[in-house]
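Q: Could you walk me through this one, a topic at a time?

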Amino acid sequence: MSAAYWTPAWLWLAVIASGLYHGVNPGMGWPLAVSAGLMEKSPWALVAALWPLTAGHLLAMLLVILPFALLVTVVEWQRPIQIGASLLVIAFGLFRFANRRHPRALARISPAQLGLWSFAVALAHGAALMLVPIYLGLCRESDLDRSHEAAGTLINANLGMAVLVATVHAAAMIAAGGCCAWLAYRYLGLKFISQSWLNLDTIWAVSLILVGAIALLLNFV
Amino acid sequence: MNIRPDPTFHASPRLAMEAPPEGFAYTVLLSPDASKPDALAVIDVKPGSSSYGQVVHTVMMPNKGDEFHHFGWNACSSSLSPLTGHAFLERRYLIIPGMRSSRIYIVDTKPDPTKAAIHKIIEPEEIFRKTGYSRPHTVHCGPEGIYVSTLGGGGKNGTDGPPGVFIMDCETFEVLGRWEIDRGPQTMHYDFWWNLPRDYMVTSEWGLPPQFENGIVPEDLLSNKYGHHIHFWDLRARRNVQTIDLGANHQMGLEVRPAHDPVREYGFLGTVVDTTNLEGSIWTWWREGGKFHVEKTATIPPEPAAKEQLPPLLQGFGAVPPLVTDIDLSMDDKFLYVACWGTGEMRQYDVSEPRKPKLAGSVHIGGIARRTPHPNGKTFGGGPQMVEISRDGKRVYWTNSLYSTWDNQFYPDGVPGAQVMANAKPDGGLELAKDYWVNFPDGYRAHQVRLDGGDCSTDSFCYPSV
């Protein structure tokens with residue numbers, strides 16, 4: 001595949017697909033929404049728990065993408081930035097591959113602090129980092145003639161794009177996670193939690209490496 | 001690492017009850033005079049099996065004088081919370097502390113319980129160096145890994161600083177360090193447990209090592225110097241939030257049994273003896289309006305006995321105290337089992353109304369004065385001690401030894417290791433199974449029982465039963 005085929009439509013699809021992928025993974029938190037619903041005996045408690053989970057995930061995405069949003073305005077460095085970001089994602093994937101341990105700090109977060117937990121888990125798993133190459137691809141596709149624009153407009157455009165990417169991703173994530181939570185809560189029962197939980201540690205690490213590698217490849221074609 | 005969560009991890013207590021029944025029981029054996037190494041016995045408990053009720057494998061330890069007491073699994077149903085990130089652990093390793101030696105054995109029960117073997121040994125020096133604690137006791141698997149309570153602080157006597165809880169890595173079994181950040185007024189330790197989604201821990205008190213290692217100290221007991229507090233903690237913040245004094249006469253509040261269903265914010269505590277009248281008692285604690293409360297909800301009176309029936313320790317009293325040394329709560333939170341080690345009785349209370357326990361069943365076996373034999377005619381030394389309930393609540397297993405030096409004081413004739421089982425009726429009522437009697441090797445005493453796949457004092461759950 002050459003860069004020409006890597007159209008914005010495909011990139012947006014990747015933003016949504018990665019959101020769905022994060023959402024269905026029980027490790028990103030939907031069983032906590034089930035627990036909240038059951039503990040309070042109310043579906044509204046389930047829905048209420050989805051908000052902090054979404055907010056935490058969204059914040060983690062923004063925290064990682066925003067610095068790149070500022071960086072890409074330095075047009076002449078665009079290529080090194082993209083290569084650097086790709087290598088960063090690959091390196092993090094390799095790190096996740098070698099080190100499967102979960103940071104103990106995550107287990108120290110109180111069950112009441114769902115937003116903080118969601119934020120921390122998205123950072124620790126590299127979920128946010130996974131979006132960076134896609135985001136950079138979108139910037140390249142949408143701002144082909146950027147050298148003529150004023151720096152301020154550029155920054156605003158890129159920040160806007162970063163917020164949009166993170167929001168679309170988080171929306172997809174919570175739609176998928178929310179569906180799983182609702183199905184488990186309303187129809188499938190708690191057994192679904194242990195039955196649907198697959199060990200994605202390896203796949204997750206490989207996904208990061210793959211996303212980084214594709215992004216890297218596209219810089220050379 | 002598994003691809004799927006361990007099938008013995010259950011999201012809720014109800015799912016745990018519906019799981020297949022236990023196939024093996026694990027019982028720790030101790031050599032009371034330290035003449036032989038302590039051991040782990042694996043017992044076949046599959047009805048109809050040719051080796052039913054027999055020890056089918058024994059793991060002998062390489063050291064002597066460990067004094068096995070309580071033990072636990074490396075992982076349990078609590079791993080199913082995404083918060084902890086441990087969903088793919090296996091319930092595979094038994095963590096067995098030596099209470100006297102402060103050594104910890106990690107025993108691997110896979111691929112088959114009858115081939116269980118030592119996987120790792122943590123020497124006492126590592127525990128002393130990394131935690132400042134000694135005499136490891138209760139083991140639970142939880143959010144940050146494996147939690148181990150200790151009965152001693154630092155120094156030879158274990159009195160340099162208070163005892164507490166330390167944490168071990170649940171995969172490498174490396175000792176990580178102390179759990180407490182702010183212990184408040186807590187200075188003694190015994191048992192602990194928690195409510196994971198509600199994020200609190202409850203701990204109890206026995207006494208400091210000089211008060212138990214060489215036997216019960218009657219002067220300390222009569223002057224109410226054993227533990228009589230219950231402590232409540234913020235589990236993740238690792239700090240004491242409340243301490244309640246049960247009253248100095250309520251000596252030794254030991255086992256803490258929270259309701260299994262995490263939506264229920266109450267639990268039980270048994271106290272060994274009231275020094276004013278020799279009663280044993282059951283206490284109910286609960287949380288309401290952000291505060292914890294505790295109340296004595298059942299008492300068990302002492303039984304008069306002739307002087308010649310009593311050991312020297314009790315002759316001055318002319319009575320046998322029930323000595324409530326263990327309690328256990330069924331998985332559906334309906335029945336509380338109370339071991340009366342002195343009078344030789346296993347009581348079953350209906351605790352559907354937690355603050356109004358109702359006696360629902362009882363069997364007598366052993367006992368200081370009664371010495372009730374087993375229905376199969378065999379003599380049961382000691383009295384009912386560590387009790388374990390099957391997940392489905394239908395079978396109740398127990399042993400007969402409390403602690404080497406205390407056994408000798410209360411039962412000077414000895415406490416040969418025994419394990420029995422009673423069948424529990426769904427609506428209450430207990431009956432000893434005539435065909436279940438485990439013979440342990442000569443010279444060994446039996447203490448805590450664990451069931452494969454978890455039991456009623458092992459697992460904690462992150463989701464309520466629905």
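The chat below goes through the chain contact, the sheets, one glycine and the aromatic rings.

Q: What kind of model is this, and what counts?
A: This is a predicted model, in which local features need pLDDT of at least 70 and side-chain atom pairs count only at pLDDT 80 or more, while totals for chains, interfaces and linings use all residues. Residues are numbered from 1 along each chain as its sequence is written, chains are lettered from A and ligands numbered from 1 in the order in which they are written, and side-chain values use heavy atoms, with hydrogens and water left out.

Q: How much area do chain A and chain B bury between them?
A: About 2,800 Å² is buried between chain A and chain B, with 64% of it on carbon and sulfur atoms; buried area here is the accessible area (1.4 Å probe) that two parts lose on being put together, summed over both.

Q: Which three residues of chain A supply more of that area than any other three?
A: Met39(A), Trp197(A) and Asn199(A), which supply 24% of the area that chain A buries against chain B. The contact (heavy atoms within 4.5 Å) takes 28 residues from chain A and 36 residues from chain B.

Q: Switching to sheets, what is the order of the one with strand 26 of chain B?
A: The order is 26-27-28-29 in chain B, an open sheet of four strands with antiparallel pairing. Strands are DSSP runs of E with at least two residues, helices are runs of H or I with at least four, both numbered from the N terminus, and two strands pair if DSSP finds at least two bridges between them.

Q: Which strands stand at the edges?
A: Strand 26 (387–389) and strand 29 (430–439) of chain B each have a single partner strand, so one side of each is left without a neighbour in the sheet. Neighbouring strands of this sheet are turned by 25° against each other on average, direction ignored, with axes taken as lines fitted to C-alpha atoms (for helices over the stretch in contact) and angles running from 0 to 180 degrees between N-to-C directions.

Q: And strand 28 of chain B, how many of its residues are buried?
A: Six of its seven residues are buried, so strand 28 of chain B is largely enclosed by the rest of the structure; buried means under 20% relative accessible area, exposed over 50%, and partly exposed in between (1.4 Å probe, protein chains only). Strand 28 (residues 418–424) is joined to strand 29 of chain B by six bridges, and Ala424(B) stands opposite Leu430(B), while Gln419(B) stands opposite Val438(B). On strand 27 (residues 395–399) of chain B, which pairs with strand 28 over five bridges, Val396(B) stands opposite Ala422(B).

Q: What links strand 28 and strand 29 of chain B?
A: The two form a hairpin with five residues between them, and Gly428(B) in the turn has a positive phi of about 110°.

Q: Where is Gly154(B)?
A: Gly154(B) is in the loop between strand 9 and strand 10 of chain B, and this residue is buried, with a relative accessible area of 16%. Gly132(B) is 22 residues away in sequence but 5.1 Å away in space, C-alpha to C-alpha.

Q: OK, rings. How many aromatic pairs are there over all chains?
A: There are 27, where rings of Phe, Tyr and Trp (its six-membered ring) pair if their centres lie within 6.5 Å, and planes under 30 degrees apart count as stacked, over 60 as edge-to-face and the rest as tilted.

Q: Why is the pair of Trp341(B) and Phe410(B) edge-to-face?
A: Their planes lie at 70°, with the ring centres 5.7 Å apart, so the pair is edge-to-face. Trp341(B) is in the loop between strand 23 (335–340) and strand 24 (345–350) of chain B and Phe410(B) is in helix 6 (residues 404–410), 69 residues apart, and both residues are buried.

Q: Which ring does the charged end of Arg355(B) sit over?
A: The ring of Trp286(B), 3.8 Å from its centre; this requires NZ of Lys or CZ of Arg within 6 Å of the ring centre and within 35 degrees of the ring normal. The charged end of Arg450(B) sits over the ring of Phe71(B), 5.9 Å from its centre.
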